[in-house]
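Open the model in a viewer and keep the selection panel at hand. The tour below goes from one ligand to the other, with a selection at each stop.

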Amino acid sequence: MSSGILVFCETDGGKLKKTALELLSKAATLGGEVSAVVIGGSVDGAEAGRHGAATVYTVNGDAFGAYSTDAWVKALAAVIAKVSPAVVLGAASPIGKDLFPRLGARIGAGAVTEVTDLSNVGGQVVARRPVYAGKVIATAKVKSAVGLFTVRPNSFAVNPTGGGAASVVAVDAGVSAADLKTQVVEVRKSAQATVDLTEADRIVSGGRSVKSVEGYDSVIRPLAAALRATPGASRAAVDAGYAPHSHQVGQTGKVVNPTLYIAVGISGAIQHLAGMRTSKVIVSINKDPEAPIFQHSSYGIVDDLFTICPALQREFEAVIG
Amino acid sequence: MKVGVLLKQVPASDTIIKINPDKTGVLTADVKWEINPYDEFALEAAIQLKDAGKATGVVVITVGGADAEARVRDALARGATEAIRVDDPALAGSDALGKARALAAAAKSAGVELIFAGKQAIDTDSAAVPGMVAELLGWPQVSVVTGFSVDGGKITAERNAGGGFIEVVSTSVPAVITCDKGLNTPRFANLKGIMAAKKIAIAAKSVADLGLSAGQVGAAGALVEESGLELPPPRPSGKIIQGATPEAKVKELVRLLRDEAKVI
Ligand SMILES: Cc1cc2nc3c(=O)[nH]c(=O)nc-3n(C[C@@H](O)[C@H](O)[C@H](O)COP(=O)(O)OP(=O)(O)OC[C@H]3O[C@@H](n4cnc5c(N)ncnc54)[C@H](O)[C@@H]3O)c2cc1C
Ligand SMILES: Cc1cc2nc3c(=O)[nH]c(=O)nc-3n(C[C@H](O)[C@H](O)[C@H](O)COP(=O)(O)OP(=O)(O)OC[C@H]3O[C@@H](n4cnc5c(N)ncnc54)[C@H](O)[C@@H]3O)c2cc1C
């Protein structure tokens, strides 16, 4: 009989990533025992326990250097076989997106991806996810014994439950280098972004109206830095070459879910909204009072971005320091 | 080597979406359909391999109704050489795994050795089907690819690994690659291509033609159950910040972000 919730936790230098804490916090409210799994990394049982996990399973070995689909799918399948959870949660991060669908096909489990809300309805986990560019919310359940869900970062608050240290159990998943059909031969840091847009808690995006690379680099990037935010861009800004396309937010760019999104000189086209409409607070700065973005904004300033942004940057520097 | 392209038609990105009265789907009567934008990168990648003499043919594979033919035709006109459209009443209510089963079986029947897919469909945004196809075929997958080369069966691909990292991954055919923006610039069909495409038959296949049983696909085989659509809750109407000077507006914004919204 499957029961309980297993949270696939990503780590960074031995610490659970914020997405993992969000998922553990949510799992603790859904009912049933919560356990965690960390693949290819170390974990602090106290930190996991404080966020509601009773046990953390770890899988390590020679095959667990850089992330690979083959090693991770096999490892997570092995932990699921051992733990028999009813629900497995992971982040809709680059790793989660790559891992969960294939895992679903491997173990015959239904996968609901890109979820923004989970609830327990009569003992069953029900997921909600935006579809059609966020114009519609769909509700889905899983019928198989195990249900897989990937959740967009920043969907849930981090709430420590104050539990005692989780016991850490190493699992041998029998993965060897021979299982790997892909090899990572090189990892390059791309020029700019530090935090992945999809995981960013604050984003400042610039549009076509920044007018040039210099405009983007001298207005958007410093404003983002002052707010400790990640810089983003509209497609018009990306297509014009002002920002790299890894920065594009929207239907054919990144779908983001930050607490604070500041749209600078962006009109609010439907395809841009598709990527950022679930942001908790949206601020827009646009000189056109009729710009559609204002209809989706929590706060708006009607003015020239080249005068507002430097002033806002100074104010953030003073307040956030 | 034959190359496959998984191609889905989606509502144009500026479509006004209306939910049907029983809240189980969207009204499609007024929808203008397009090739999923990421599948255009996949198609272009495959055609470029053919142009470079590295692929002997490009097979477009779709799971979709008769109304998807126009998108498949467009793909043929751009340079694809064969097409399979899997269509069967038994497919109704498929989840991602059901569609993946049909696509994997079609790819196998066409004898392709390399599959290009989009990184996600922009309508239902699952980003799930290609990884499932790869698993069902037992092939490696490289997802969210922005550049690649194929040389004597060896594949080198660049992918966006998140956090600002680009990974260079090596693998070999057979494999599944999902395509991100930046991989290439999709071409349009020209008149010669449009004329040539008219002579190519689009093979319509049923689930049974592909050796699958009705219970493996559609609502019968689905492990995910959709239980309704609704409109997102309306955003509370926003405030336009007033102020005599830019400085005054900025100060008021920061005050609101701190004291009212509590996000800084
Ligand atoms: C509102 C709604 C929500 C849904 N949610 C889920 C869910 O959470 N889980 C689930 O299992 N099912 C779900 N389904 C069922 C299913 O119909 C989805 O289409 C399925 O999950 C595939 O996902 P996708 O279309 O988003 O494709 P993705 O997985 O995002 O597509 C990625 C790529 O796969 C290829 N591809 C996808 N579909 C086709 C196709 N028909 N023909 C050819 N190539 C294709 C394309 O290359 C495409 O770019 C949902 C359906 C609806 C209507
Ligand atoms: C299939 C498809 C997919 C797409 N995908 C995406 C996507 O993923 N992401 C995306 O963003 N777009 C996408 N688009 C494009 C989208 O339709 C818009 O064209 C784009 O978002 C516009 O970018 P923008 O707001 O920067 O430019 P514009 O629409 O040109 O708006 C510029 C805004 O800046 C304001 N402005 C000008 N000067 C100043 C100033 N000095 N100070 C203050 N404000 C000023 C103007 O009033 C205007 O509102 C897609 C389109 C299609 C067809």
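Which backbone N or O atom lies 3.0 Å from an oxygen atom of ligand 2? Select A:Gln251: one of its backbone N or O atoms is at that distance from the ligand oxygen. Keep in mind throughout that this is a predicted model.

**Ligand 2: polar contacts**

Stay with ligand 2 and add the side chain of A:Gln248, where a polar atom lies 2.8 Å from an oxygen atom of the ligand. Next select A:Gln271, whose side chain places a polar atom 2.6 Å from an oxygen atom of ligand 2. On its own, ligand 2 has 990 Å² of accessible area, and the protein covers 79% of it.

**Ligand 2: the shell**

Now show α6 (235-239), α7 (270-276) and α8 (305-320) of chain A; these are the elements that give two or more residues to the shell around ligand 2. Then widen the selection to the 26 residues around this ligand. Those that come nearest are A:Arg208, A:Ser234, A:Thr252, A:Ser267 and A:Gln271. Colour the shell by class to find 14 polar, six charged and six nonpolar residues. Colour by chain instead: the residues surrounding ligand 2 come from chains A and B, so the site is shared between chains. Turn on a surface, and the space that ligand 2 takes is the second largest pocket.

**Ligand 1: polar contacts**

Move to ligand 1, which lies between chains A and B. Which residues should be selected here for their backbone atoms? Start with B:Leu6, which has a backbone N or O atom 2.8 Å from an oxygen atom of ligand 1. Add B:Ser126, with a backbone N or O atom 2.9 Å from a ligand 1 oxygen. Finish with B:Val129, where the distance from a backbone N or O atom to an oxygen atom of ligand 1 is 2.8 Å. The protein covers 94% of the 930 Å² of accessible area that ligand 1 has on its own.

**Ligand 1: the shell**

Select the elements that give two or more residues to the shell around ligand 1. From chain A these are β7 (110-115) and β9 (124-131). From chain B they are β4 (57-63), α3 (96-110), β6 (112-118), α4 (129-137) and β12 (224-230).

How many residues surround ligand 1? Expand the selection to see 33, of which the closest are B:Leu6, B:Lys8, B:Asp39, B:Ala127 and B:Ala128. Coloured by class, this shell divides into 18 nonpolar, eight polar and seven charged residues.

Conventions
Residues are numbered from 1 along each chain as its sequence is written. Chains are lettered from A and ligands numbered from 1 in the order in which they are written. This is a predicted model: local features need pLDDT of at least 70, side-chain atom pairs count only at pLDDT 80 or more; totals for chains, interfaces and linings use all residues. Side-chain values use heavy atoms; hydrogens and water are left out. A residue is near a molecule or strand if one of its heavy atoms lies within 4 Å of it. A polar contact is a pair of N or O atoms within 3.5 Å; within protein, one must be able to donate a hydrogen and the other to accept it, and residues adjacent in sequence count only if both atoms are side-chain atoms. Accessible areas come from the Shrake-Rupley method with a 1.4 Å probe; for residues, only the protein chains shown count as cover. On a 1 Å grid over the protein atoms alone, a cavity is a set of points where a 1.4 Å probe fits but cannot get out, and a pocket is an open set with protein on both sides within 12 Å along at least five of seven lines; lining residues have an atom within 4 Å of a point. A molecule sits in a cavity or pocket if more than half of its atoms lie within 2 Å of its grid points. Helices (H or I, at least four residues) and strands (E, at least two) are DSSP runs, numbered from the N terminus. Ala, Val, Leu, Ile, Met, Phe, Trp, Tyr, Cys and Pro count as nonpolar, Asp, Glu, Lys and Arg as charged, and the others, Gly among them, as polar.
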